[in-house]
Amino acid sequence: MKLLLVEDDQATAGYVCQGLAELGHACDLADNGIDGLTAGLTKEYDAIILDRNLPLLDGLSVLRALRAQSLRTPVLILSALGQVDDRICGLNAGGDDYLTKPFSFHELIARLSAIIRRAEGSTTTPRVRRVADLELDLLTRVGHRGDRRIELSNKEFQLLDYFLRHVGQVITRTMLIEAAWDYSFDPGTNLVDVHISRLRAKLEAEGEAPLLHTVRGAGYRLDAR
């Protein structure tokens, strides 16, 4: 998942970001409402985790502003305000779910998965993404080409999952680093190219037909052409 966390408490933000990273998810962090609103409106996320008590602009104002722009990204409100009226207020403002602090990280992940499923109009999370003879199991995080098993690192899994969600599209290096890393992109780094080279080697380890193509001057494309 590509997530946005809008949270000003450093301890909570660190706990959530570390847990998401360990699961292979990418997470952008905004520590105030203005930055959170800007990120939510200008970048694509699978879901947003939004605190209510934020500096500069409170969480519910951020949420209302997002919905006013017709942004339908699922939003999980995370707050120490846990009374019934608080939860109703958050849901009425456009929240998809409401989780009170302190919280279980496992419950946070379960609730995120649930609101993303609902947004996709599905009752179950897609387990396998595929193109041609390539399959990626989202639960076991293992790939296959035909009967051959492909073991993937966390970054390789994130990159391949992103490609499989955008089959046939040209994906730039900047798009890839935003999908798989949560820090600013340095145009001079070869970090993306190194990981793409390793991923391509695994996908074609036994001489299979190329699926991951370099688009000169633009980026990369995954398809069966």
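**Side-chain contacts and strand pairing**

Me: Which residue forms a salt bridge with glutamate 151?
Reply: Glutamate 151 takes part in a salt bridge (a side-chain nitrogen of Lys or Arg within 4 Å of a carboxyl oxygen of Asp or Glu) whose closest N and O atoms are 2.5 Å apart. Glutamate 151 itself has a relative accessible area of 45% and is therefore partly exposed, that is, between buried (under 20%) and exposed (over 50%), with a 1.4 Å probe and protein chains only. The partner in this salt bridge is arginine 149.

Me: At what pLDDT do side-chain atom pairs count in this predicted model?
Reply: Residues are numbered from 1 along each chain as its sequence is written, and side-chain values use heavy atoms, with hydrogens and water left out. The model is predicted, so that local features need pLDDT of at least 70, totals for chains, interfaces and linings use all residues, and side-chain atom pairs count only at pLDDT 80 or more.

Me: Why does the salt bridge of lysine 101 and aspartate 51 tie together distant parts of the sequence, and how many residues separate these parts?
Reply: The closest N and O atoms of lysine 101 and aspartate 51 are 3.5 Å apart. Lysine 101 sits in the loop between β5 (97–100) and α5 (105–119), whereas aspartate 51 belongs to strand β3 (residues 47–51), where helices (H or I, at least four residues) and strands (E, at least two) are DSSP runs numbered from the N terminus. Because the two residues lie in these elements, the pair joins parts whose separation in sequence is 50 residues.

Me: Is aspartate 51 buried or exposed?
Reply: Its partner lysine 101 has 23% relative accessibility and counts as partly exposed. For aspartate 51 the relative accessibility is 5%, and this residue therefore counts as buried.

Me: Which residues do salt bridges with shared partners join into one network?
Reply: The structure holds 17 salt bridges, including the one in which aspartate 223 and arginine 221 meet at 2.4 Å, N to O, both of these residues being buried. Salt bridges that share partners also produce one network, made up of Asp46, Arg129, Asp161 and Arg165.

Me: How is the pair of tyrosine 15 and phenylalanine 105 classed, tilted or edge-to-face?
Reply: Rings of Phe, Tyr and Trp (its six-membered ring) pair if their centres lie within 6.5 Å, with planes under 30 degrees apart counted as stacked, over 60 as edge-to-face and the rest as tilted. Tyrosine 15 and phenylalanine 103 have ring centres 6.0 Å apart and planes at 55°, so that pair is tilted. For tyrosine 15 and phenylalanine 105 the centres are 6.0 Å apart and the planes at 70°, so the pair is edge-to-face.

Me: Which residues form one aromatic cluster?
Reply: Tyrosine 15, in helix α1 (residues 10–22), lies 88 residues from phenylalanine 103 in sequence, and 90 residues from phenylalanine 105, which is in helix α5. Tyrosine 15 is partly exposed at 41%, whereas phenylalanine 103, at 16%, is buried, and phenylalanine 105, at 13%, counts as buried. The cluster consists of Tyr15, Phe103 and Phe105.

Me: What is the bridge partner of serine 79 in β5?
Reply: Strand β4 (residues 75–79) pairs with β5 in the parallel sense over 4 bridges, where pairing needs at least two bridges found by DSSP. One of the residues concerned is serine 79, and its bridge partner in β5 is threonine 100.
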